[in-house]
Amino acid sequence: MNLDSELYGVNPIPFLSVRKFFGETLPRIGWSKDDEDDVVLDAGCGPGGTTVHYILPLMPKLKRLYAFDVLSDMIELAQKRNFHPKVRYSVANIEDW
């Protein structure tokens, strides 16, 4: 996996596993697009393209989306390219939690 943030394109192409999770798994477990108090975590958000252009539109009434990545330059790029008032980007490593 290449972790150089400058090599990531502006137009995100979500992994098949991400598309399958949101398209098939969440509806099966009863997730609803109408929940206004939902808070979502995107672990490993990279430059934020999938976060803002794919995940966020699937949850229009979402209260907050927390997105983090282990690389600070990925978060800087996400904040520049993919700012949204409902998204909070942070540098973090899920393995440390």
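**Packing around helix α2 and two buried aspartates**

The buried residues of helix α2 pack against helix α1 (16-28), strands β1 and β2, and strand β3 (87-91). In this predicted model, helix α2 covers residues 49-58, and its buried members are Gly49, Thr51, Val52, Ile55 and Leu56. As general background, an α-helix has 3.6 residues a turn, so residues three or four places apart point the same way.

A step back helps to place this helix. The protein chain contains 3 helices and 3 strands, and along the sequence they follow the pattern α-β-α-β-α-β. Of its 97 residues, 30% count as buried. Among contacts with a separation of 6 or more, 64% are between residues 24 or more positions apart. The chain exposes about 6,500 Å², of which carbon and sulfur atoms supply 54%.

Two of the helix residues named above meet again at Asp42. This aspartate sits in strand β1, which spans residues 39-43. Asp42 counts as buried because its relative accessibility is 12%, under the 20% cut-off. Beyond its neighbours within four places in sequence, Asp42 is in contact with Thr51 and Ile55, as well as with Leu65, Tyr66, Ala67 and Phe68. With Thr51 there is also a polar contact of 2.5 Å between the two side chains. Ala67 is 25 residues away from Asp42 along the chain, yet their C-alpha atoms are separated by 4.5 Å.

Tyr66, one of the contacts of Asp42, leads towards the surface. Tyr66 belongs to strand β2, residues 64-69. At 40% relative accessibility it counts as partly exposed, because that value falls between the 20% and 50% cut-offs. Together with Val39, Leu41, Ile94 and Trp97, Tyr66 makes a nonpolar surface patch of about 570 Å².

Strand β2 also holds Asp69, and here a question arises: which side chain of opposite charge is nearest to this residue, and how far away is it? The nearest is that of Arg81, 12 Å away, and Asp69 is buried without a salt bridge. A salt bridge requires a side-chain nitrogen within 4 Å of a carboxyl oxygen. Asp69 does have a polar partner in the backbone: a polar atom of its side chain lies 3.0 Å from the backbone nitrogen of Leu71. Leaving out residues up to four places away in sequence, Asp69 touches Gly44, Cys45, Gly46, Met74, Ile75, Ser90, Val91 and Ala92.

Definitions and conventions:
Residues numbered from 1 in each chain as written. Predicted model: local features only at pLDDT ≥ 70, side-chain atom pairs only at ≥ 80, totals over all residues. Heavy atoms only, no water. Helix = DSSP H or I, 4+ residues; strand = E, 2+ residues; numbered from the N terminus. Buried < 20%, exposed > 50% of the residue type's maximum accessible area, 1.4 Å probe, protein only. Contact = heavy atoms within 4.5 Å. Polar contact = N/O pair within 3.5 Å; in protein donor to acceptor, adjacent residues only side chain to side chain. Patch = residues over 30% accessible without salt bridge, like charges linked within 9 Å, V, L, I, M, F, W, Y side chains within 5 Å. Areas by Shrake-Rupley, 256 points an atom, 1.4 Å probe, with all protein chains shown as cover. Lys, Arg positive; Asp, Glu negative; His and termini not counted.
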